[in-house]
Amino acid sequence: MFIRLACCRLLRNRKLIYISIFISLLLSFVYVVVAPHVFKLIQKPPSKTQEVHQYVIPGDSPIISMDTHCTFYNCFNIYRCGHKFKGGFKVYVYPMARYLDTDGIPIGGKISKEYHTIISTIVESHYYTANPEEACVFVSSIDTLNQNRFRVKETSQALALLPYWNDGQNHLIFNMVPGTAPDYKTVVDLSIGKAMVAGVGFNSWTYRSSFDISIAIYSDLAILLSNNFTFKLRPIFITTVQTNLHNDFFMYLKSIEKQRSMIRVMERCSNGEHNKSIICHGNITYNYADIFSDSVFCLILPGPRLMDVALIESLAAGCIPIVAINHVVLPFFEVIDWKRAVILWSETELNTLLDTVSGIPLDRRKEMSDQGRWLYRKYLSSPKIITMTTLKILSQRLHPHSSDFYEDWNLRPYHESARNPLFLPYMSDSSGFTAIILSYNRIDSLFKLINMISKAPSLQKIIVVWNNQYKSPPHLWPKTDIPLKIVQTTANNLSNRFFPYREIETEAVLSLDDDILMLTIDEIEFGFQVWKEFPDHIVGYPSRTHVWNNKTNTWKYESEWKNEISMVLTGAAFYHKYWNYAYTYIMPSNIKQWVDDHMNCEDIAMNFLVSNTTNKAPIKVTPKKKFKCPQCINTEMLSADQGHMATRSSCINKFATVYGRMPLKAVEYRVDPVLYKDIFPKKLKRYNNVGEL
């Protein structure tokens, strides 16, 4: 009996030991694996129903007014944003809290949906950190979006009690309902010390340049207008879209309307209805949303607040805003070029508005409307997008070396109505051109080409891009009167020919392959003269085209002689040096990667880039039959490969997919010297040595 009892106790003890071990392992797992994630979740802004801490604001808490002279260099501590922590720019969001005055009355109401979206967006972004010690910027969980929903003094005191407030340094305050006249302060009387403001309604007097960020007010209606947008004829030329205009503006515009039917001045309906979705013009009642969709231009003037939500709703509906508000700071103006989408006008010159705006061409109106809708969707369409744009601007202030280029912010990708980025006058002969020769190992033909082209009167410099990493360039080079520069690359990529080398000092570039020996000096000089008249085009000699294959529903690269051309190959072509920069830094990177991976099609890629940007075709000069590939006998050429044509067809289809369209323009056009075939003595002709058919 004793033995049985002892055995039972032993078994019971073993079970207890096993249970203890299991519990220990479970606790270790929770501590090591689960706890960090739980802690991170605790740091995130809780839902509106989650319990939050309460704080009582002492009635005698000090208040520090806003520093109106702050800039990014004297009020922002950049040393918090150094390289001590990974990522550099990190944002900390304070945990939710409820603040009460000494009478127990809450300061402000419940957090708004928009502000909850803002802080949730920050927490879910790659900018967020749960560790305040590694934070560069701090964002309060106190809702400051609408000044009408909080008490100014008590809210200022609550901000001052934040653990890392430090007179507001490195703190960011969001506000979407700005102050009213006459000061139009973004956060009226809110004491924020050295904190930055991401707000609506700045003017040039209250905006602290390079410190605050002008943002947009969010509009639910704008989402509907954008989603329901359709291309249609707009019967009304200009409409005022605000019903809260100052009486002086209203009466003046009504007097203009009596004289000119091109403008429609809207007003509140006189039937006493307070429905904001209804608006009137005389005895005619309109749905407020419809006036944006049937107007070409939407006139926006100062209202009770400096910036009206009508700007955002106009952009979303494709109605071109005419912003007649003196000194207004438009949303994200430091990165957005608003002149592309908005007409900026003076409040005091409304009498000349109609005559000026009516002279804007139809294609320009469409371009502005499309640009405005794109800017709305890209930067202004939701609190989340507004928040991420704000953080991106802050991050780029800290890291300007890695910031986006102007084109990244303002150019719509692959849009049909592309505009020429070059506005160049006719170039004088003294400007000259730089010849860039791509070479790998063909020394004999390279030297012959250098000797030949160095005799061109307009040549200023020769740059040889040596693309062979296994063999050093020659030690001895042909002696020329023209400066000769050798650039040795680090990888054998065809894109190296289009790098924006600092040695390129002329506007014009003549790109050459090292076996192009059939050109004459007259042909080169004539090609340069043509380029000077068309500096935004590719101007050159070997031409190709693209055709559509109805059987395969794909594009085909075509080298046969046809009446149409859509490409001029850069093995012998002039172009502006800007395109080297655009090819390297602006062109979609997957196209450049494709070129380097397939060791082909860099010339096609350049033609796509230029045509997509300018909507213009290249220009072919002189009918050189020697450029026809079937006559090429050099077996070292890439084009000698049997799969060359198939690869180049694949390139065209790939690039068209990336751009979302086919930007190449087919034209029946070629430029020859004026007296090319006229029977005149040679001494009367300028370009005699031009190849014949």
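Which residues of helix 5 are buried? In this predicted model, they are Phe249, Phe250, Leu253, Lys254, Ile256 and Glu257. These residues cover an arc of only 160 degrees around the axis, which places them on the same side of helix 5. This briefing covers helix 5, the surroundings of Ile325 and a nonpolar surface patch.

**Helix 5**
- Helix 5 comprises the 13 residues 247-259; at 1.5 Å a residue it should span 18 Å, and the 19 Å between its end C-alpha atoms agrees with this.
- An α-helix has 3.6 residues a turn, so residues three or four places apart point the same way.
- Asp248, Lys258 and Gln259 are exposed on the other side of helix 5.
- The cover over the buried residues of helix 5 includes four strands, namely strand 8 (236-240), strand 9 (263-265), strand 10 (278-281) and strand 12 (295-300), together with helix 8 (353-357).

**Ile325 and its surroundings**
- Ile325 belongs to the loop that runs between strand 13 (320-323) and strand 14 (343-344).
- With a relative accessible area of 4%, under the 20% limit, Ile325 is therefore buried.
- Leaving aside residues up to four places away in sequence, Ile325 touches Ile300, Leu301, Pro302, Leu306, Met307, Trp345 and Glu347.
- Ser346 is 21 residues from Ile325 along the chain, yet their C-alpha atoms are separated by 6.5 Å.

**Nonpolar surface patch**
- Phe405, Phe499 and Tyr585 make a nonpolar surface patch of about 270 Å².
- Within this patch, Phe499 comes from the loop between strand 17 (484-488) and strand 18 (508-513).
- Phe499 has a relative accessible area of 35% and is therefore partly exposed.

Terms used:
Residues are numbered from 1 along each chain as its sequence is written. This is a predicted model: local features need pLDDT of at least 70, side-chain atom pairs count only at pLDDT 80 or more; totals for chains, interfaces and linings use all residues. Side-chain values use heavy atoms; hydrogens and water are left out. Helices (H or I, at least four residues) and strands (E, at least two) are DSSP runs, numbered from the N terminus. The expected span of a helix is 1.5 Å times one less than its number of residues. Buried means under 20% relative accessible area, exposed over 50%, partly exposed in between (1.4 Å probe, protein chains only). The arc is that of the directions from the helix axis to the C-beta atoms. Contact means heavy atoms within 4.5 Å. Patches are made of residues with over 30% relative accessible area and no salt bridge: like charges are joined within 9 Å, nonpolar side chains (Val, Leu, Ile, Met, Phe, Trp, Tyr) within 5 Å. Accessible areas come from the Shrake-Rupley method with a 1.4 Å probe; for residues, only the protein chains shown count as cover. A salt bridge is a side-chain nitrogen of Lys or Arg within 4 Å of a carboxyl oxygen of Asp or Glu.
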